[in-house]
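Here are a few short exercises to work through with the model open beside you. Try each task before reading its solution.

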Amino acid sequence: MTNKPHSHAQWSSRIAFLLAAVGSSVGLGNIWKFPYMTGESGGGAFVLVYLICILLIGLPILMSEWLLGRLGQKNPISTMNRIAGRLKRSKAWVLIGVGGILAAWLILSFYSVIGGWALAYIRYSATATFTGLDGEGVGALFSNLLGSPGLLLLWHSLFMILTIAIVAGGVAGGLERAAKILMPALAVLLLVMVGYAATTGSFEAGLDYLFNPDFSRLDGDVILAAMGHAFFTLSLGMGIMMAYGSYLSDDVNIGRTALTVVVLDTIIALAAGMAIFPIVFANGLDPAAGPGLIFQTLPLAFGSMSGGVIFGTLFFVLLVFAAWTSAISLLEPIVEWLEEKSPLNRLQSALVAGAATWLLGIATVLSFNDWSAFTPFGMTVFDLLDYVTSKFMLPLTGLATIVFVGWFMGRDEVRAQLNMSGMAFAWWRFSARFIAPIGVAIVFVYNLIH
Ligand code: PFF
Ligand code: NA
């Protein structure tokens, strides 16, 4: 494709692009959500299905989003509009972009509340609150936080303000430079935690739980959860990666870069699991404790290790940073869309989108306390938001994306974008046309009729 009229600036280098993509993908999904979902689903069988989904579904969809973005050169809605129009395809494909923006709003509303938990834990950690706590103590600390709508709202607001500030200022570049140091630091600290678990916790029991699949725990729900999380953790199905793809220069190899992101994201998630489950088993805690899992396990380690105050504080600071870079990538497309479709300027768009997200976040705040008995469809508001996005919206838009690339775009155009050798491309195309869409469709339909 040579017709790239007045396209916006391209990433200075592959590294800058990689940092932004990793910044979006590595976040609470890896360190908070992956371990608790694994625990709720019974361990290794979930992990195995998750890894399969990442490779067979997540990777080809990530590549599809990037190649569409690189061709479209604009926000996801315009990208789909433009490519579908040029190929004389239905304008209905634009719904991929619309669904993505809606999903981003829903996700950020609860993501910010959990980011707020992490902020609160910086404070607990820095004030040595964990020192000497036992399992019961960390449980009480967490329940107190969850039981206080005022506190949760405070931290949620702070996290949202941090996110709005960056997006409003359009200064994500500075953040990107910080990410160059802070993301590796997070990885190193996670490895330190794994090392700690290896020397003090029930390391073998933890590894066994993670990597020794108990197939009796496998059912439709677990498979759907694993597949949904593959989308969530890679930031897929929201048009975010598509928007990033529009910054990708032609000489960047999409396949190699996508594989790098996928591998990094997976390593961080697995490391989090390897740090947490040994602590769970060493202290007789419940792996199925749910969303509070990391907040009720890691403080035990920080409270008893030497230098725990510093390590703990640093850990939660880095966790907030990782969450922050992901949250920015969630707010950005909403703001861009508002800026384009309304008379508002960037600052106003950021404030309006941020306020709307903050407001919806209050429902999640209350779902842990005052509204905990309010359970439409048998779920709390938080669970419902999580369900609707990860298990419904993301897989659906992801499916549409890969069907579009696999079946509605020309073979040669896709091949030129991916720049793959004959054999590799044949494999890629087969998975994009058959394996990934059929996989998503089967899981989806099975769960709909179940
Ligand atoms: N991928 C992020 C994580 O794993 O924490 C969460 C996320 C970011 C989801 C951006 C979706 C998204 F568009
Ligand atoms: Na992730």
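## Exercise 1: A glycine in a loop

Work out whether Gly43 is buried or exposed, and describe its surroundings.

Solution. Start with the neighbour count: Gly43 has 23 other C-beta atoms within 10 Å, and because the cut-off for burial is 20 or more, Gly43 is buried. Keep in mind that this is a predicted model. Next, place Gly43 along the chain: it lies in the loop between helix 2 and helix 3 (44-72). Then list its contacts, leaving out residues up to four places away in sequence: Gly43 touches Thr38, Tyr209, Leu210, Asp214 and Arg217. Finally, take a distance to Leu384: the two residues are 341 apart in sequence, and their C-alpha atoms are 23 Å apart in space.

## Exercise 2: Positive phi outside glycine

Find where Lys88 and Ala128 lie in the chain, and decide how exposed each one is.

Solution. Take Lys88 to begin with. Its phi is positive, near 55°, in a residue other than glycine. Lys88 belongs to the loop between helix 4 (76-86) and helix 5. It has 7 C-beta neighbours inside 10 Å, and because 12 or fewer is the limit, Lys88 counts as exposed.

Now turn to Ala128. This residue is not a glycine either, yet its phi is positive at about 60°. Ala128 sits in the loop between helix 5 and helix 6 (135-146). With 14 C-beta neighbours inside 10 Å, Ala128 counts as partly exposed, because that number falls between the two cut-offs.

## Exercise 3: Checking a helix length

Compare the expected span of helix 12 with the distance between its end C-alpha atoms.

Solution. Helix 12 covers residues 254-282, which is 29 residues. At 1.5 Å a residue, helix 12 should span 42 Å. The end C-alpha atoms are 43 Å apart, so expectation and model agree. Look just beyond the helix, too: Gly284 follows helix 12, and its phi is positive, near 60°.

## Exercise 4: The shell around the ligand

Which residues come nearest to ligand 1, and which elements give two or more residues to its shell?

Solution. There are 16 residues around ligand 1, and Gly27, Gly29, Ser235, Met238 and Ser326 come nearest. The elements that give two or more residues are helix 1 (14-25), helix 2 (28-41), helix 5 (95-126), helix 10 (220-233) and helix 14 (308-341). Sorted by class, the shell holds seven nonpolar and nine polar residues, with no charged ones.

## Exercise 5: The overall fold

Test whether the chain agrees with the radius of gyration of a compact globule.

Solution. Begin with the make-up of the chain: 18 helices and zero strands. For 450 residues, a compact globule would have a radius of gyration near 22 Å; the chain has 21 Å, so the two agree. The C-alpha trace spans about 65 × 50 × 45 Å along its principal axes. Buried residues make up 52% of the chain. Of the contacts with a separation of 6 or more, 84% join residues 24 or more positions apart.

## Exercise 6: Confidence

Which element has the lowest mean pLDDT, and which the highest?

Solution. For the chain, the mean pLDDT is 92, and 96% of residues reach 70 or more. Among the elements, helix 4 has the lowest mean (84) and helix 2 the highest (98). Over residues 1-8 the pLDDT is below 50, and this stretch has three contacts beyond near neighbours in sequence. The model scores ipTM 0.99 and pTM 0.94.

Technical notes. Residues are numbered from 1 along each chain as its sequence is written. Chains are lettered from A and ligands numbered from 1 in the order in which they are written. This is a predicted model: local features need pLDDT of at least 70, side-chain atom pairs count only at pLDDT 80 or more; totals for chains, interfaces and linings use all residues. A residue is near a molecule or strand if its C-beta atom, placed from the backbone, lies within 6 Å of it. Helices (H or I, at least four residues) and strands (E, at least two) are DSSP runs, numbered from the N terminus. Ala, Val, Leu, Ile, Met, Phe, Trp, Tyr, Cys and Pro count as nonpolar, Asp, Glu, Lys and Arg as charged, and the others, Gly among them, as polar. The radius of gyration is taken over C-alpha atoms; the globule rule is 2.2 Å times the number of residues to the power 0.38. Two residues are in contact if their C-beta atoms, placed from the backbone, lie within 7 Å. The expected span of a helix is 1.5 Å times one less than its number of residues. pLDDT is the predictor's confidence in each residue, from 0 to 100.
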